[in-house]
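Visitor: I am new to this structure and would like a close look at a single part. Please take one strand and its surroundings, and go through them step by step.

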Amino acid sequence: MSTNPRPPVLVGVDGSDSALAATRWAARSAKLRGLPLRIVHACVLPPIQHPTTTASQARWVEALTENGQHIIAEAAHAARVVAPEVEIVSCHEVGTATEVLIEKSADAHCVVLGHRGLGGFRDMLVGSVAVALTAHGHGPVVVVRGVGDRPPRTEGPVVVGVDGTPASEAAIEYAFDEASMRGAELVAVHTWLDIAFARAWTALPWDSDWQDVVDDETVLLAERLAGWQDKYPDVRVTRVVAHDRPVRALTDAAEQAQLVVVGSRGRGAFTGMGLGSTSQALVHTAPCPIAVVRPPAEQRR
């Protein structure tokens with residue numbers, strides 16, 4: 001194991017094309033940040049239904065280890081093609097993908113996953129590994145998505161969803177840092193139509209000045225971004241205040257983006273993100289990689 005104290009970019013691999021795309025994305029990110037890349041493969045021993053010997057169990061472990069090493073070697077090759085200068089370390093573990101990645105995320109800069117996979121990572125198709133990592137892991141989780149068979153874009157803006165909660169604040173910080181590192185524009189999206197507002201719709205006078213609502217939400221967004229714009233003066237920011245659902249607004253903004261960033265849970269239109277609302281919808285449908293960012297432990301309730 002490397003003794004390098006720099007936190008690695010961690011990628012989970014299982015031999016699928018999706019995992020290789022995630023590896024290439026993770027390798028580029030590690031290169032930009034000057035961090036090592038850690039490639040992790042997890043496998044689960046099959047259930048034993050009949051009496052077996054220690055020798056036969058050892059053969060199972062040996063076969064799984066050999067397969068795992070092949071998968072890791074293939075991923076390492078893919079990483080070296082796009083980022084030959086990046087330090088690569090690898091890890092093959094016996095256990096579920098979720099358990100292994102949660103444990104390994106403790107000293108990682110972020111965890112990167114493909115949006116679908118095989119073997120231990122096959123549940124990524126429904127986002128269960130990503131959900132578990134956003135709930136119990138350490139640090140941001142990036143699910144690498146593309147459009148059709150095309151690889152994820154490496155150009156375009158970084159998009160962030162903003163709602164003013166601690167989770168949103170953590171997402172804003174991560175998004176600014178990513179935009180600065182990539183030399184990209186940041187598009188900050190804030191929606192003001194949520195469940196509570198919709199229920200109050202009929203209580204508002206028919207002649208309500210909706211422009212006042214837009215103005216208030218625009219000021220709120222500006223306040224949320226002000227300190228970060230001072231910290232990252234090199235990042236050009238476009239603000240989007242949308243009378244829309246957050247998933248649709250973020251998906252529209254992400255059409256030409258290289259990354260979309262959301263908090264793991266939120267308030268109003270973003271409520272329940274950690275359990276499968278906005279972030280889970282984007283894991284399924286986003287046209288680009290999506291980063292789900294948890295707030296620091298001291299900020300979580």
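Guide: A residue is called buried when its relative accessible area is under 20%. The model is predicted, and that cut-off can be tried at once on Glu178. Glu178 has a relative accessibility of 0%, so Glu178 counts as buried. Its place is in helix α5. Leaving out residues up to four places away in sequence, Glu178 touches Arg33, Val158 and Leu259. The C-alpha atoms of Glu178 and Pro157 are separated by 9.9 Å, with their positions 21 residues apart along the chain.

Leu259 leads to the part chosen for this close look, strand β9, which spans residues 259-263. Five of the five residues of β9 are buried. On one side of the strand are Leu259, Val261 and Gly263, and on the other are Val260 and Val262; both faces are covered. In a regular strand the side chains alternate between the two faces of the sheet.

Next come the partners of β9. Strand β6, residues 158-161, runs parallel to β9, and three bridges join the two. Within this pairing, Val159 has Val260 as its bridge partner in β9. Strand β10 also pairs with β9 in the parallel sense, here over four bridges. In that pairing, Val260 has Ile290 as its bridge partner in β10. Val260 is therefore named in both pairings, as the partner of Val159 and as the residue whose partner is Ile290, and by the cut-off of under 20% used above Val260 is buried.

Strand β10 covers residues 290-293, with Ile290 and Val292 pointing one way and Ala291 and Val293 the other. These four residues of β10 are all buried. Besides β9, strand β10 pairs with β5, residues 141-144, in the antiparallel sense over three bridges. Val292 is the bridge partner of Val141 in this pairing. Ahead of β10 in sequence, Cys288 has a relative accessibility of 1%, so Cys288 counts as buried. Cys110 is at 0% and is likewise counted as buried. The number of disulfides in the model comes to zero.

Val159 also gives a link to helix α8, residues 246-253, where Ala253 lies. Apart from neighbours within four places in sequence, Ala253 is in contact with Val159, Val187 and Val189. Ala253 has a relative accessible area of 23%, so Ala253 is partly exposed. Ala253 and Pro287 are 34 residues apart in sequence, and their C-alpha atoms are 9.8 Å apart in space.

Back in helix α5, there is another residue to note. The structure holds one aromatic pair. The rings of Phe176 and Tyr232 have centres 5.7 Å apart and planes at 20°, so this pair is stacked. Phe176 lies in α5, residues 166-182, and Tyr232 lies in the loop between α7 (210-231) and β8 (237-242), so the pair ties together parts 56 residues apart in sequence. Both Phe176 and Tyr232 are buried.

Helix α3, residues 97-104, can be described in a similar way. Its buried residues are Ala97, Val100, Leu101, Ile102 and Lys104. They pack against the strands β1 (9-12), β2 (37-43), β3 (88-94) and β4 (110-114), and against helix α4 (128-136).

These parts belong to a chain with nine helices and 10 strands. Of its 301 residues, 48% are buried. Among contacts with a separation of 6 or more, 79% are between residues 24 or more positions apart. The chain exposes about 14600 Å², of which carbon and sulfur atoms supply 54%.

Last comes the confidence of the prediction. The chain averages a pLDDT of 81, and 76% of the residues score at least 70. Strand β6, the partner of β9, has the highest confidence at 97, while helix α6 (residues 195-200) has the lowest, at a mean of 47. Over residues 194-203 the pLDDT is below 50, and this stretch has 12 contacts in the model beyond near neighbours in sequence. The pLDDT also stays under 50 over residues 267-276, for which the model has 35 contacts beyond four places in sequence.

Technical notes: Residues numbered from 1 in each chain as written. Predicted model: local features only at pLDDT ≥ 70, side-chain atom pairs only at ≥ 80, totals over all residues. Heavy atoms only, no water. Buried < 20%, exposed > 50% of the residue type's maximum accessible area, 1.4 Å probe, protein only. Pairing = 2+ DSSP bridges. Contact = heavy atoms within 4.5 Å. Phe/Tyr/Trp six-rings, centres within 6.5 Å; stacked < 30°, edge-to-face > 60°. Disulfide = S-S within 2.5 Å. pLDDT = per-residue confidence, 0-100. Areas by Shrake-Rupley, 256 points an atom, 1.4 Å probe, with all protein chains shown as cover.
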